[in-house]
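Let's take a friendly walk through this protein, from the overall picture down to a few individual side chains. Have the viewer ready.

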Amino acid sequence: MSGAGMIANLTSTGAALTITWQSGEAVTFPAIWLRDNCRCAACRHPGNGQRLYEITDLPATLNIREVARQSDGGIKIVWAPDTHVTNFSESWLTEHDLSASARKSRKKKPTLWSKSIGNAKPVGDWRQMVADPAAELAFLDAYHAHGFGLIRHSPTVPETVLNIGNHLGFVRVTNYGALFDVMSVPNPNNLAFTPIGLGVHSDNPYRDPTPGVQLLHCLESDAPGGDTLLVDGFNSATILRQEDPAAFDLLTRIPVNFRFRAEDAELNARQTLISVDEDGDIVGVHFNNRSLDWLDAPPEMVEPWFAAYRKLADILHRPEGELIFRLEPGDCVVMQNDRALHGRTEFDPSRGRRHLQGCYVDKDGMDSRARVLRRRLAEQKGVAA
């Protein structure tokens, strides 16, 4: 991070404060940004840290009147026209450095993968995870980096998937219920409930918002076939960007309609196949051939869009990108639904049973779980020290 090290110099224009770090790099903090981040007891609740004022309560003509270094290395700002005082520690300013290099360093970089990940895929032992917070955090960190993880040695009893989902986050109820059984049934309302093979896809892109995480827990796997198939959507989108930048750009800009219809549900959503953030980094891939409805776009964009769609589909189906493994009873695969696209090979229900139970978990719940575990483990180390 660019701000690593002590403050070397401060320069104020009134409208902004520029800090030069000892590394020689300088970063500018606008006055309004600094004032809005004041942590004093008059501005923030001492317990929960939430703001005690509205943005309209701040002076419209806000300026830095004085700024000075403190003996502890931090800075003190006196504001005009209201003489309010704000203090910042050097470490806080370092952690919130607004320079391009610091902002880039704070972004978590996904670990892209393909078939070659093999036995190096993220794996956790449920028995260890429930007994040891460090083991659980290690699994969650690997899951977040790769967009999926495999939990082994969980109980082989119905509804275990709900226990796992509610332990790691918060189970989301849909028209399928809190959980759903994945097995071959007569007259299914979804191809997932048949024995046919399924190409890789993200689940429920016809919802708004799309489920963040999907869990599939194996209860029985005697039937031949039915192996799990995973593809890293981020890696596939990266390959598309490298091979055909125009196609990549088109799929980030032009949304398409997704649709699901059943006796008790009529779901529609409109979204792009690839999502990027303000820096152009890939943050989501939504691909589901079965649920794709229709493209509502200008006529001149239809053929280019379908050409781009075909190119992405071709990349997703390349064998070198496909990770294939068999779920055994007690295994639970946890997948980031807008990244780890999943499918399965065909299975034969006449020669054995294949029974999975699944559920959806909100993505932010698992993010929160990892942060809480990290904080608690850090606090324990602090006490021990």
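The report below covers the chain as a whole, then its cysteines, two buried residues and the packing of some helices.

## The chain as a whole

What you see is a predicted model. The protein chain has 385 residues, of which 48% count as buried. Ten helices and 21 strands make up its list of secondary-structure elements. Along its principal axes, the C-alpha trace spans about 80 × 60 × 40 Å.

How much of the contact map comes from residues 24 or more positions apart? Such pairs account for 71% of the contacts in the protein chain with a separation of 6 or more.

## Cysteines without disulfides

If you are wondering about disulfides, the search of the whole structure finds zero. Cys38 is in no disulfide, and the nearest cysteine sulfur, that of Cys40, is 3.6 Å away. The cut-off for a disulfide is a pair of cysteine sulfur atoms within 2.5 Å.

Cys43 tells a similar story: its closest cysteine sulfur is in Cys40, 3.6 Å away, and that is too far for a bond. Are these cysteines buried or exposed? Cys38 has a relative accessible area of 1%, so this residue is buried. Cys43, at 3% relative accessibility, counts as buried too.

## Two buried residues, His146 and Asp232

His146 sits in helix H5, which covers residues 133-146. With a relative accessible area of 14%, His146 is buried, since the cut-off for that label is under 20%. Leaving aside residues up to four places away in sequence, His146 touches Thr111, Trp113, Ile117, Pro122 and Arg339. One of these partners shows how the fold brings separate parts of the sequence together: Trp113 is 33 residues from His146 in sequence, yet their C-alpha atoms are 7.3 Å apart in space.

Asp232 lies in strand S13, residues 228-232. Its relative accessibility is 1%, so Asp232 counts as buried. Which residues does Asp232 touch, not counting those up to four places away in sequence? They are Thr111, Leu112, Trp113 and Arg339. Thr111, Trp113 and Arg339 also appear among the residues that His146 touches.

## The start of helix H7

Asp232 has a further role in the local geometry. At the start of H7, a side-chain oxygen of Asp232 reaches to within 3.0 Å of the backbone nitrogen of Phe234.

Helix H7 itself runs over residues 233-243. Its buried residues are Gly233, Phe234, Asn235, Ser236, Ala237, Thr238 and Leu240.

## How H7 and H8 meet H9

Two packed helices are described by the angle between their axes and the distance between the axes. For H7 and helix H9 (residues 299-316), the axes come within 9 Å and cross at roughly 125°. The two helices are therefore oblique to each other, and H7 passes H9 in a right-handed crossing. On the H7 side, the residues in contact are Ser236, Ile239, Leu240 and Glu243; they meet Lys311, Leu312, Ile315 and Leu316 in H9.

Helix H8 (residues 245-253) also packs with H9, their axes coming within 9 Å and crossing at roughly 105°. H8 and H9 are therefore roughly perpendicular to each other. Here Ala247, Leu250 and Leu251 in H8 meet Met301, Pro304, Trp305, Ala308, Tyr309 and Leu312 in H9. Leu312 of H9 is also among the residues met by H7.

Note on methods: Residues numbered from 1 in each chain as written. Predicted model: local features only at pLDDT ≥ 70, side-chain atom pairs only at ≥ 80, totals over all residues. Heavy atoms only, no water. Buried < 20%, exposed > 50% of the residue type's maximum accessible area, 1.4 Å probe, protein only. Helix = DSSP H or I, 4+ residues; strand = E, 2+ residues; numbered from the N terminus. Polar contact = N/O pair within 3.5 Å; in protein donor to acceptor, adjacent residues only side chain to side chain. Axes fitted to C-alpha atoms, helices over the stretch in contact; angles between N-to-C directions. Parallel < 35°, antiparallel > 145°, perpendicular 65-115°, else oblique. Left-handed = near helix turned anticlockwise from the far one by under 90°. Contact = heavy atoms within 4.5 Å.
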